[in-house]
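Work through the exercises below on aromatic rings and the contacts they make. Each task is followed by a worked solution.

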2 protein chains.
Amino acid sequence: MADSTTTTPPLTRASVIAAHELIKPYIHRTPVLTNTTLNKLASSARSEEELAGTRWRGREQPGVDGSKVREEGEKEDGRRQKGGAKPVMRLWFKCENLQRIGAFKVRGAFHAVERLKMDREWVDGGGLERGVLTHSSGNHAQAVALAAKENNMPAYIIMPEISAPPKIAGTKGYGAHVIFSGSTAPEREATAHKVLAETGATFIPPYDHPNIILGQGTMGLEFQEQVVQLMAEKAGSGNADRSNSNSNHDNKNTAKGLDVIMTPCGGGGMLSGVALSCEGTGITVFGSEPSHQGADDCKRGFEAGQRVESVSSLTIADGLRTPVGKLPWSVIYERRLVKQVFNVTEEEITAALRLVLERMKLVVEPSAVVPLAVALFNEDFREMVEREAGDDGWDIGLVFSGGNVALENLAKMFG
Amino acid sequence: MADSTTTTPPLTRASVIAAHELIKPYIHRTPVLTNTTLNKLASSARSEEELAGTRWRGREQPGVDGSKVREEGEKEDGRRQKGGAKPVMRLWFKCENLQRIGAFKVRGAFHAVERLKMDREWVDGGGLERGVLTHSSGNHAQAVALAAKENNMPAYIIMPEISAPPKIAGTKGYGAHVIFSGSTAPEREATAHKVLAETGATFIPPYDHPNIILGQGTMGLEFQEQVVQLMAEKAGSGNADRSNSNSNHDNKNTAKGLDVIMTPCGGGGMLSGVALSCEGTGITVFGSEPSHQGADDCKRGFEAGQRVESVSSLTIADGLRTPVGKLPWSVIYERRLVKQVFNVTEEEITAALRLVLERMKLVVEPSAVVPLAVALFNEDFREMVEREAGDDGWDIGLVFSGGNVALENLAKMFG
């Protein structure tokens, strides 16, 4: 499908920084939050009873020293209970559910449009007047619609006829032309080609494009800066130890910052962009996916050494039903900028969603809590943190990618 | 009931500032958020059709110049449609739903405890060891429990036997001793007296006490500072007009800040505290209440010139079922630090709640959206803003007081 790749910077951290400068005026610097209750929960071992009903039942934990199985005797000293791993985690949440349109997708969309505007040939050829086009029934549709609107460009959004009415209304609400297509990929592409031919609009793909990847990566930069700043402020305020010495300024640039960032992974635009934003910083990047009906294609690709090219899953994490794109894969896997990918079940996603709604008072979509579900419930991940981070633990950044979920659906899940 | 009033500072803005210094290490500086969609909605007139099904139906709006009724002819110039008022509002939200324990109440509780610790006689008399007591089935219970826990003091919380199990579990979760009583005020007080006599604990009232009022008022100080800072940042970033001139620093201290703050009003601790925090700043303070079954006691008291001393309402805004306390009333009404109080219906509260969940992605309790419901739906308030703020409009600070609502209840409201 036609798109503009004339002005695509290289996939580097420096390009992510440049992207951030371009889109800053259009996006929110979303807040980073922490939660004591979730830190406590994440840093407690789950009991044998809690694990009994899960895929982790009967699991023998290796000891911290790597020895295979805990001995009966070890259970009595209180340190080596049978049951789940006991990592030390301090969790930091980047709240992209509070981003414009309710999701991180505006970062990539605004960056793509800014880059088009820098392409003299495109502008002189009437690109602005002809506008942009995408196909999506989700957050990317609204992101492109908003970016076009704020640049007084027309936007054409191809949506399946079966899309939920609020999503259609939402996209139209940003002034976009909504064009309906069938639900299959060939039907959708046929419609897109037709509209592209008629309008001369420029296609803005949802994830498999350097400008989208670099745009989404800007969130990683903010996350890194904000955690350093919050750590410094906390150190400065003396916190609950009441020392109250006002040493904010001394600490400002010495805080350690994040050890890890974990994002959800659907098409991989965000995961690869954030990985680029972390290159050379010492921060380890992980991905996370739903396991339901094979939606964990990135994880499976890692294990097979080859990208999985198609997925057909109806996981409740509806933003993560897509297979990882070719370009994201090259960053995530081929360049080894993501260390590992973990998966979670539908039940683990639902439990994490409840915790965020109840404890953090944030409305998030199921896709957004997949990294938290990994941190709380995936014993492979938890064991790895226990082993590698030891008693010091890790500061782990988790991305809440979006908050676009219908109240009626939440009501169904928790009613 | 016995309490400690030996160390209560005067009810002034300076005392609120001093309170803030004391409690800063224990509380979150909660974020202030804005929302373009809600600003647009608040600044649009509701049509005659929208008003038709409400208590505002058939209302004749006075013109901006104060003339009584719009003439038929005026409808045609497009400026004077029949229908609702058309104020210009820029809304700023102080997110105390993201505060510790999910509500502003920790501010007052920690301040009360800090003041006790400054009372030499109380400390020497074994106050810390004997602990604190309160009666509440809501956010104040958890706030006192947390403040006691972090000071290694015992906390005794009197709760009605009929309290919801999650609230009981929540309070116990902070390590408090929960003691059950009957549901009526005399039963509750009898139990409290008994426990006070047995334990020698110190009573921490929910709102009718200077230290509680001053503690809650600290939120107003943060709100004022944060909006000035956000306005300066916005001016500095050039925002969507792409001027991109980096003039942050020039603007830092010249931003105008808020014109208005509006808070919910139950017992009045928060409203009176915030009013004190605004004294002498030029910010006008308003209160807001549910009208259901007479829960708008403060509004009625304003109109009658006398405090309403008892209320029996089952409004969904369950934090606002209490009548305004004597001391809060003296600040709110007798000292005229609150200009006016507005009310809203249950339907208006529900509509505002849906907007916050869907558009702002925040979980808030019904009580928390009462100020927003006034801004969006109370035509008395909206007309007043249209008239007094004119085309420049007002920057209006609304307090989201808390987010403690059971998912099951939300599911019932929106399922």
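The exercises treat ring pairs first and charges over rings afterwards, in a predicted model.

**Exercise 1.** State how many aromatic pairs a search of the whole structure finds, and classify the pair Y26(A) and F110(A).

Solution. The search gives 16 aromatic pairs over all chains. For Y26(A) and F110(A), the ring centres are 4.8 Å apart and the planes make an angle of 10°. Planes under 30 degrees apart count as stacked, so this pair is stacked. Next, place the two residues: Y26(A) is in the loop between α1 (13-23) and β1 (32-33) of chain A, and F110(A) is in helix α4 (residues 105-117) of chain A. They are 84 residues apart, so the pair links distant parts of the chain. Both Y26(A) and F110(A) are buried.

**Exercise 2.** Classify the pair F93(B) and F400(B), and decide whether each residue is buried or exposed.

Solution. The centre-to-centre distance is 4.8 Å with 15° between the planes, a stacked pair. F93(B) belongs to strand β2 (residues 89-95) of chain B and F400(B) to strand β10 (residues 394-400) of chain B, 307 residues apart. Buried means under 20% relative accessible area. F93(B) has 0%, so F93(B) is buried; F400(B) has 1%, so F400(B) is buried.

**Exercise 3.** Which residues do ring pairs link into a cluster in chain A?

Solution. The cluster consists of F286(A), F342(A) and F381(A).

**Exercise 4.** Which residues lie over the rings of Y333(A) and Y333(B)?

Solution. In chain A, R336(A) lies over the face of Y333(A), 4.4 Å from the ring centre. In chain B, the charged end of R336(B) sits over the ring of Y333(B), at 4.4 Å from its centre.

Conventions: Residues are numbered from 1 along each chain as its sequence is written. Chains are lettered from A and ligands numbered from 1 in the order in which they are written. This is a predicted model: local features need pLDDT of at least 70, side-chain atom pairs count only at pLDDT 80 or more; totals for chains, interfaces and linings use all residues. Side-chain values use heavy atoms; hydrogens and water are left out. Rings of Phe, Tyr and Trp (its six-membered ring) pair if their centres lie within 6.5 Å; planes under 30 degrees apart count as stacked, over 60 as edge-to-face and the rest as tilted. Helices (H or I, at least four residues) and strands (E, at least two) are DSSP runs, numbered from the N terminus. Buried means under 20% relative accessible area, exposed over 50%, partly exposed in between (1.4 Å probe, protein chains only). A charge sits over a ring if NZ of Lys or CZ of Arg is within 6 Å of the ring centre and within 35 degrees of the ring normal.
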